[in-house]
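Colleague: Could you walk me through this chain at the bench-side level? I'd like to start with the sheet.

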Amino acid sequence: MRFQIVLKVGETPITLSDEVSSMEEVFEKTSALAEVLPEQCQNCESVKLKPNHRLTKSKAGKPCHYYEVTCKSCGWALALGQRQDGSGLYPKEWGPPYSKGEAAPASNASPDGW
Ligand SMILES: [Zn+2]
């Protein structure tokens, strides 16, 4: 059967739909995600969050995927780690904007034109 569910990252809705064989599977898939999604920014408590994915290259030239939840208000991000067994993501820690090289913008600024 097909299911669709809306999860929220802060105030940003994420629609998730997938094919599952049981209701248990719906819980397995959504609880793993709900566990890593923060409700607000740890730095400024804003709920203007968005999921973010960056693809970069390691020093050896291998593609590296970065997953994070970014705060649109202050630019801080919650880094998400990838589980070794490939079963999903787990929350790591909040940190200031990556590679901006400057202090975080004022809390009402909108970095990168979001
Ligand atoms: Zn913030």
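Modeller: Happy to! There is an open sheet of four strands, with antiparallel pairing and the order S3-S4-S5-S6; strands are DSSP runs of E of at least two residues, numbered from the N terminus, and two pair if DSSP finds at least two bridges between them. This is a predicted model, in which local features need pLDDT of at least 70, side-chain atom pairs count only at pLDDT 80 or more, and totals for chains, interfaces and linings use all residues. Residues are numbered from 1 along each chain as its sequence is written.

Colleague: Which strands stand at the edges of the sheet?

Modeller: Look for strands with a single partner strand, because one side of each is then left without a neighbour in the sheet. Those at the edges are S3 (49-57) and S6 (89-95).

Colleague: Which residue in S6 does Ala77 stand opposite?

Modeller: Strand S5 (residues 77-82) runs antiparallel to S6, and five bridges join them. Opposite Ala77 in S6 stands Gly95.

Colleague: Which elements give two or more residues to the largest nonpolar core?

Modeller: A nonpolar core is a set of buried Ala, Val, Leu, Ile, Met, Phe, Trp, Tyr and Cys residues joined through C-beta atoms within 7 Å, where buried means 20 or more other C-beta atoms within 10 Å of a residue's own. The largest has nine residues, including Val9, Leu49, Val69, Trp76 and Ala77. Two or more come from each of strand S4 (63-71) and S5.

Colleague: What percentage of the residues count as buried?

Modeller: The chain has 114 residues, and the share that count as buried is 12%.
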